[in-house]
Amino acid sequence: MADGVKPRVKAPKSASAGEVVTIKTLISHKMESGQRKNKDGSVIPRSIINRFTCEFNGTSVIDVKMEPAISTNPYFEFEATIPEAGDLKFTWYDDDGSVYEDVKSVAIG
């Protein structure tokens with residue numbers, strides 16, 4: 001991961017078919033708004049995670065567009081219905097073009 005950017009995800013490893021589960025995500029990122037200046041008075045360029053998505057077996061669960069006012073290390077907690085065994089795919093999109101991903105498999109049990 002570039003510059004210490006690290007996603008963390010907490011999702012259940014198993015669920016009952018149709019169960020609503022809570023998912024928690026956090027990504028370590030400085031989230032520079034592009035409005036501050038450095039010691040020399042130069043504007044520090046904007047550098048934020050501008051979008052976060054989660055899919056379950058290719059179907060969108062959540063799609064969030066972020067703006068410069070978002071805090072450092074953005075945290076999201078949301079619920080998803082698990083209809084069947086499969087993979088939760090989490091994707092964070094950075095202003096610099098970097099894409100950070102994590103996948104968590106959920107079994108039906």
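Strands β7 and β8 pair in the antiparallel sense, and 8 bridges join them. Strand β8 covers residues 99-108, and β7 covers residues 86-94. One facing pair is easy to find: L88 stands opposite K104 in β8. All of this is read from a predicted model.

Now step back to the sheet that holds this pair. The sheet is open and has 5 strands. Their order is β2-β8-β7-β4-β5, and the pairing is mixed. At the edges lie β2 (14-15) and β5 (59-65), each of which pairs on one side only.

Move from β7 to β4. These two strands run antiparallel, and 7 bridges join them. Here F52 stands opposite W92 in β7. The next step leads from β4 to β5. This pair is also joined in the antiparallel sense, by 6 bridges. R51 stands opposite K65 in β5.

Between β4 and β5 the chain makes a hairpin, with 2 residues between the strands. Look at N57 in this hairpin: its phi is positive, near 50°.

Return to β7 and pick out a single residue, T91. Is T91 buried or exposed? Its relative accessible area is 3%. Buried means under 20%, so T91 counts as buried. Which residues does T91 touch, once its neighbours within four places in sequence are left aside? The contacts are R51, F52, T53, V99, Y100 and E101. Two of these names have come up already: R51 stands opposite K65, and F52 stands opposite W92. As for side chains along a strand, a general rule helps. In a regular strand they alternate between the two faces of the sheet.

Q35 offers a contrast. Where does Q35 lie? It sits in the loop between β3 (19-28) and β4 (49-56). The relative accessible area of Q35 is 66%. Exposed means over 50%, so Q35 counts as exposed. Compare its position with that of I48. Q35 and I48 are 13 residues apart in sequence. In space they are 12 Å apart, C-alpha to C-alpha.

Now take the whole chain. How many helices and strands does the protein chain have? The count comes to 0 helices and 8 strands. From the N terminus on, the elements run β-β-β-β-β-β-β-β. Along its principal axes, the C-alpha trace spans about 60 × 20 × 20 Å.

Burial and contacts fill in the picture. The protein chain has 109 residues, and buried residues make up 33% of them. Consider the contacts with a separation of 6 or more. Residues 24 or more positions apart account for 55% of these.

The surface comes next. The protein chain exposes about 6500 Å². Carbon and sulfur atoms supply 47% of that area. Charge can be counted too. There are 14 positive and 16 negative side chains in the protein chain. The centres of the two sets lie 7 Å apart.

Last comes the record. UniProt, in an unreviewed entry, places the feature "domain: Sulphur oxidation protein SoxZ" at residues 10-102. In the model, this span is 0% helix and 53% strand. The C-alpha atoms at its ends lie 11 Å apart.

Terms used. Residues numbered from 1 in each chain as written. Predicted model: local features only at pLDDT ≥ 70, side-chain atom pairs only at ≥ 80, totals over all residues. Heavy atoms only, no water. UniProt positions renumbered as here; feature names shortened; annotations may be inferred. Helix = DSSP H or I, 4+ residues; strand = E, 2+ residues; numbered from the N terminus. Buried < 20%, exposed > 50% of the residue type's maximum accessible area, 1.4 Å probe, protein only. Contact = heavy atoms within 4.5 Å. Pairing = 2+ DSSP bridges. Areas by Shrake-Rupley, 256 points an atom, 1.4 Å probe, with all protein chains shown as cover. Lys, Arg positive; Asp, Glu negative; His and termini not counted. Charge placed at Lys NZ, Arg CZ, Asp CG, Glu CD.
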